[in-house]
Amino acid sequence: MDYKPLSGREFPRFSAIKTFFRLPNVSVDADYEVGLFGIPYDGGVSYRPGSRFAPSAVREMSSLGRGFHMTRELNWIEKLKVADLGDCSTVPIDQKQTYENIEAYVFQLAQKNKRFIACGGDHSTTLPVLRALRKFHGRPLQFIHFDAHLDTYPAAWGCEYHHGAFARHAVEEGLVDPKKMLQIGIRGPLAACDDLNFVRKQGIRVLSMDDLRDTTIADFCKKLPAFDQTPTYISFDVDCLDPAYAPGTGTPVPGGLTSYEAQRILRALNVPNLVGGDVVEISPPFDHAGVTSLIGVDVMFELLCIMAGNKR
Ligand code: MN
Ligand code: MN
């Protein structure tokens, strides 16, 4: 199989059955290099639901996806064999089973030496993904986390595993190395000081919106840390963007990144060993004209291009 998107010349972009980037839909056992898949689950949200519908909405908008990256000067379609694997099986009314399904799914991908990009799902779905990668690689991951929120919040309603707590669990379970963890786009208000105390105690590097806006985007990008060969994961919570740019999300926070600033940061990232990534928290029922799903497509494109630049 050649793993090329359906040609827009033969079949206009509004036509045909929707897959991510119009790529072939194959089984997990096929000979692709990077698998794209959905995690349609939003049982971990604390406010507005709807991100269970993100994989299908992002597939729809990804008909507009292209191959060539103007900054990196490469074409992921030429460099990588990428396919749509469909969706990971989820259980809408059972978080424990859903987590088990996600962890088993990602672990088998890792065992088959596949890289992947997941389309969530609420942010609680990132935790079982990280569990699988930690188990496979046998060491804590380097972790780049885009978000308005720190996601290190305490348990809510007596429940540990909600979408605002995945990053705390990832650190506490030793899935990621807090000294090799970067959070970008963070801003207040916070419910309390608990989150800040946690990241300070752990020594996690936080780049807030003030850090970003107090300088030019070019200088901000120049000061991004260098990433090493440690297996690395990038998680992009779409609410790192300002609600003006990404209204379709569950817990919007004003004062965020523009789409362009997010692109600039993603384009500046030099990640030599990106093993996986995700875009989460897109909630199509609250979206307008598909703009939030469209930025989700863009994030997947940027992650693909990082992977294409570091072909195995
Ligand atoms: Mn989040
Ligand atoms: Mn968030």
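Q: Why does D42 count as buried or exposed in this predicted model?
A: D42 has a relative accessible area of 5%, and since buried means under 20% relative accessible area, D42 is therefore classed as buried.

Q: What makes the contact between D42 and R52 a salt bridge?
A: The side chains of D42 and R52 meet at 2.9 Å, N to O, and because the criterion asks for a side-chain nitrogen of Lys or Arg within 4 Å of a carboxyl oxygen of Asp or Glu, the pair qualifies as a salt bridge. Both D42 and R52 sit in the loop between β1 and α1 (54-61), 10 residues apart.

Q: How do you know whether R52 is buried, partly exposed or exposed?
A: R52 has 36% relative accessibility; because buried means under 20% and exposed over 50%, with partly exposed in between, R52 counts as partly exposed.

Q: Why is the pair of R213 and E261 called a salt bridge, and which helices hold the two residues?
A: The closest N and O atoms of R213 and E261 are 2.6 Å apart, which is set against a limit of within 4 Å, and the pair is accordingly a salt bridge. R213 lies in helix α7 (residues 209-213) and E261 in helix α9 (residues 259-268), so the bridge ties together parts that are 48 residues apart in sequence.

Q: What makes E261 buried or exposed, and how does R213 count?
A: With the cut-off for buried at under 20%, E261 counts as buried because its relative accessibility is 12%, whereas R213, with a relative accessible area of 43%, is partly exposed.

Q: How do you know that K81 and D31 form a salt bridge, and where in the chain do they lie?
A: Their closest N and O atoms are 3.4 Å apart, and because the criterion is a distance within 4 Å, K81 and D31 form a salt bridge. The pair links distant parts of the chain, with K81 in the loop between α2 (76-79) and β4 (82-87) and D31 in the segment before β1 (34-39), 50 residues apart. K81 counts as partly exposed at 29% relative accessibility, and D31 counts as partly exposed at 43%.

Q: How many salt bridges does a search of the whole structure find?
A: The search finds 15 salt bridges, and salt bridges that share partners join R59, D84 and D87 into one network.

Q: Why is the protein chain called as compact as a globular protein of its length?
A: The secondary structure of the chain comes to 10 helices and 10 strands. Its radius of gyration is 18 Å, close to the 20 Å that the globule rule gives for 312 residues, so the chain is as compact as a globular protein of that length.

Technical notes
Residues numbered from 1 in each chain as written. Chains lettered and ligands numbered in written order. Predicted model: local features only at pLDDT ≥ 70, side-chain atom pairs only at ≥ 80, totals over all residues. Heavy atoms only, no water. Helix = DSSP H or I, 4+ residues; strand = E, 2+ residues; numbered from the N terminus. Rg over C-alpha atoms; globule rule 2.2 N^0.38 Å. Buried < 20%, exposed > 50% of the residue type's maximum accessible area, 1.4 Å probe, protein only.
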